[in-house]
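Subject: The structure you asked about

Hi there,

Here is the structure for you to open alongside this email. Have a look at it, and then read on for what turned up.

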Amino acid sequence: ASAASLGRVRDAPADLPPQALQKMTMQTRANACCWNPMEPMHLTLASEDHDLYTFDMRRLSQAICVHSGHVSAVLDLDYSPTGTQFVSASYDKTLRLWNVGEQSCYNVYHTKRMQRLSCVQWSMDAAYLLSGSDDTNVRLWRAVANERGAPQLGREQRKREYAAALVEKHQHLPEVRRIKAHTHLPKRVLKAALVKKTVRGTQQKREKNRRAHSAPGAVPKVQRKKKQVWSVQE
């Protein structure tokens with residue numbers, strides 16, 4: 001599979017090029033593609049429309065999940081060796097960490113001096129992230145922001161596990177949910193996110209009005225998971 005045209009490839013003799021079993025074309029350009037190492041049927045695409053799309057290769061007609069949050073084109077992504085998270089690098093100068101199957105990210109990494117990101121990689125021990133940006137620097141990040149690099153005492157480890165268990169137990173409470181979901185973002189990203197939200201709301205309202213003033217069935221309601229898939233060829 002490639003980012004430009006995604007498809008399943010059948011085995012072919014050595015003297016013949018491989019042939020695609022299925023080909024899927026999207027509405028917008030896909031900049032990167034990465035397979036889940038623990039679920040070989042699932043893959044995620046980084047798209048030019050600021051979103052990421054997770055597909056099941058057995059059914060390419062619609063995405064399993066749409067991951068939204070970036071405010072500019074997503075240029076690269078990589079899965080953790082555990083297959084439970086992945087990281088994305090975007091033109092908006094931020095790294096975002098996602099849990100598999102969730103629509104919103106759980107953490108955002110950014111710095112003042114870091115410029116537009118072009119590549120990202122997860123270390124094989126699942127403890128660190130490496131990112132490359134336009135400022136000619138490669139940065140090393142911890143996969144868990146508040147995790148210490150030095151070996152921890154048993155008492156410290158038990159304290160962290162107890163705190164994590166408390167958050168998991170009381171995550172349904174509004175205050176805990178708000179603190180857990182909060183991520184600090186630069187002002188420029190917040191402003192761009194607000195503009196993007198306004199534009200999408202206007203598009204949805206326009207589509208709703210067009211459907212209301214058209215003949216029944218003339219303007220079908222298409223889910224967002226299917227809307228970005230242009231065609232699927234067998």
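Which kind of contact do the side chains of Asp135 and Arg139 meet in? They form a salt bridge, with N and O 3.0 Å apart. Asp135 and Arg139 are both buried. Please keep in mind as you read that this is a predicted model.

**Salt bridges**

That pair belongs to a wider set, as the count for the structure comes to 7 salt bridges. A good residue to click on next is Asp51, which is buried at 0% relative accessibility. One partner of Asp51 is Lys196, and the closest N and O atoms of this salt bridge are 3.8 Å apart. The cut-off for a salt bridge is 4 Å, so this pair falls within it. Lys196 sits in helix 3 (residues 187–212), while Asp51 is in the loop between strand 4 (42–47) and strand 5 (52–56), so the contact ties together parts that are 145 residues apart in sequence. Lys196 is buried, just as Asp51 is.

Asp51 also forms a salt bridge with Arg224, at 2.4 Å from N to O. Here the partner comes from helix 4 (residues 224–227), so the loop between strand 4 and strand 5 is tied to a part of the chain 173 residues away in sequence. Arg224 has 37% relative accessibility and counts as partly exposed, whereas Asp51 is buried. If you would like to see the wider picture, display Asp51, Lys196, Arg200 and Arg224 together: these residues are linked in a network of salt bridges.

**Aromatic rings**

How many aromatic pairs does the structure hold? There are 3. In one of them, the ring centres of Tyr79 and Phe86 are 5.3 Å apart and the planes meet at 50°, so this pair is tilted. Tyr79 and Phe86 are both buried. Phe86 also pairs with Trp98, and this time the arrangement is stacked, with 6.1 Å from centre to centre and 10° between the planes. The Phe86 and Trp98 pair links distant parts of the chain: Phe86 belongs to strand 8 (residues 85–90) and Trp98 to strand 9 (residues 95–99), 12 residues apart. Phe86 has a relative accessible area of 0%, so it counts as buried. Trp98 is buried too, also with a relative accessible area of 0%. Taken together, Tyr79, Phe86 and Trp98 make up one aromatic cluster.

**Cysteines**

You may also want to know about disulfides, and the count comes to 0. Why is Cys34 not bonded to Cys33? The sulfur of Cys33 is the closest cysteine sulfur to that of Cys34, but the distance is 7.2 Å, which is too far for a bond. For reference, a disulfide needs the two sulfur atoms within 2.5 Å. Cys105 is in no disulfide either, as its nearest cysteine sulfur, in Cys65, is 12 Å away. Is Cys34 buried or exposed? Cys34 counts as buried, at 10% relative accessibility. Cys105 is likewise buried, with a value of 16%.

I hope this helps you find your way around the model. Do write back with any questions.

Best wishes

Notes
Residues are numbered from 1 along each chain as its sequence is written. This is a predicted model: local features need pLDDT of at least 70, side-chain atom pairs count only at pLDDT 80 or more; totals for chains, interfaces and linings use all residues. Side-chain values use heavy atoms; hydrogens and water are left out. Buried means under 20% relative accessible area, exposed over 50%, partly exposed in between (1.4 Å probe, protein chains only). Rings of Phe, Tyr and Trp (its six-membered ring) pair if their centres lie within 6.5 Å; planes under 30 degrees apart count as stacked, over 60 as edge-to-face and the rest as tilted. Helices (H or I, at least four residues) and strands (E, at least two) are DSSP runs, numbered from the N terminus.
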